[in-house]
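Colleague: I should like to go through the fold of this protein with you, beginning with its sheet. Please reason each answer through from the coordinates.

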Amino acid sequence: MKFGIIGINGRMGQEIKNLFQEYGSNIVFSFDKDGENKTDKPDILIDFSLPEVFEKTLEFTLKMKVPLIIGTTGLSDDQLRKLREISSEVPVVQSYNFSIGIQMLLKATEMLNDNLPDWDVEISETHHRFKKDKPSGTAIMIQNIFDKNVNTSALRLGNVAGDHSVSFGSLGEIVTVSHRALSRRTFAEGVYKSAQFLKHKTNGLYTFKEVIFSK
Ligand code: NAD
């Protein structure tokens, strides 16, 4: 597979490039603050950058007419709407979290919410000191499960790749589900899975949940 990365010089850009190359894919396009580098047309574009790069990502995707995987967090409602619009022209996978374990945490949270509607709920997330958005995209995905507002505590500490937990409390007991990403490689593996998934997909906007749970 020939691939392109937007945000190539970043932590995730490098992790994804290394993993795709390890699996035999070739990088033919990249974009970052130092400009673009193209040796061939990619089969797929991958964006892990910042929301301010989003317009460029749309431009590249539509010009090359290739599937897009976007993991950039902190996108605005308007940007998410535009992503839906371009998904009528190319297949897109968008997720604020590409780890399998977080999909399990989301499922467990849905189950607990269905069964414990009157319990207090608190979300907590911890990330490395360089993370720009707060709360994390994953915390927003967790919040979106609930019909009510759920408080989120966001900590920025050291080099943590990503910790999330959801606690449900009654007067007598507390149940907590939690997830820890041990390295960024786990997200890169999810991006690779998404690239394989997109090989068989027509235009449309897909989630990582669909990548994981569709046969
Ligand atoms: P990073 O800061 O290390 O990398 C971002 C890259 O984007 C940098 O190389 C930077 O130079 C580039 N960039 C920023 N502004 C630019 C501009 N105006 N033009 C061109 N390039 C520009 O960040 P990271 O840790 O690699 O994370 C990247 C994004 O991915 C963040 O939004 C982060 O929250 C998100 N993320 C998502 C997941 C997921 O599973 N969806 C996992 C980890 C990180």
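Colleague: In what order do the seven strands of the open sheet lie?

Modeller: The model is a predicted one. Its open sheet has seven strands with mixed pairing. The twist from one strand to the next averages 15°. The order of the strands is β3-β2-β1-β4-β5-β6-β11.

Colleague: Why is one side of β3 and of β11 left without a neighbour in the sheet?

Modeller: β3 covers residues 35-38 and β11 covers residues 204-206. Each of them has a single partner strand, so one side of each lacks a neighbour because both stand at the edges.

Colleague: Which residue in β6 stands opposite Leu-68?

Modeller: Strand β5 (residues 68-70) pairs with strand β6 (residues 91-94) in the parallel sense, over three bridges. Within β6, the residue opposite Leu-68 is Val-92.

Colleague: What angle does the direction of helix α3 make with that of β6?

Modeller: Helix α3, residues 77-86, packs on the sheet and touches β5, β6 and β11. Helix α1 (residues 11-22) also packs on the sheet, touching β1, β2 and β4, and its direction makes about 170° with that of β1. For α3 and β6 the angle is about 150°.

Colleague: What radius of gyration does the protein have, against that of a compact globule?

Modeller: The C-alpha trace spans about 60 × 35 × 30 Å along its principal axes. For 215 residues, a compact globule would have a radius of gyration near 17 Å. The protein's value agrees with this, at 18 Å.

Colleague: What percentage of the residues is buried?

Modeller: A residue counts as buried under 20% relative accessible area. Of the 215 residues in the protein, the buried ones make up 50%.

Definitions and conventions: Residues are numbered from 1 along each chain as its sequence is written. This is a predicted model: local features need pLDDT of at least 70, side-chain atom pairs count only at pLDDT 80 or more; totals for chains, interfaces and linings use all residues. Side-chain values use heavy atoms; hydrogens and water are left out. Two strands pair if DSSP finds at least two bridges between them. Helices (H or I, at least four residues) and strands (E, at least two) are DSSP runs, numbered from the N terminus. Axes are lines fitted to C-alpha atoms, for helices over the stretch in contact, and angles run from 0 to 180 degrees between N-to-C directions. Contact means heavy atoms within 4.5 Å. The radius of gyration is taken over C-alpha atoms; the globule rule is 2.2 Å times the number of residues to the power 0.38. Buried means under 20% relative accessible area, exposed over 50%, partly exposed in between (1.4 Å probe, protein chains only).
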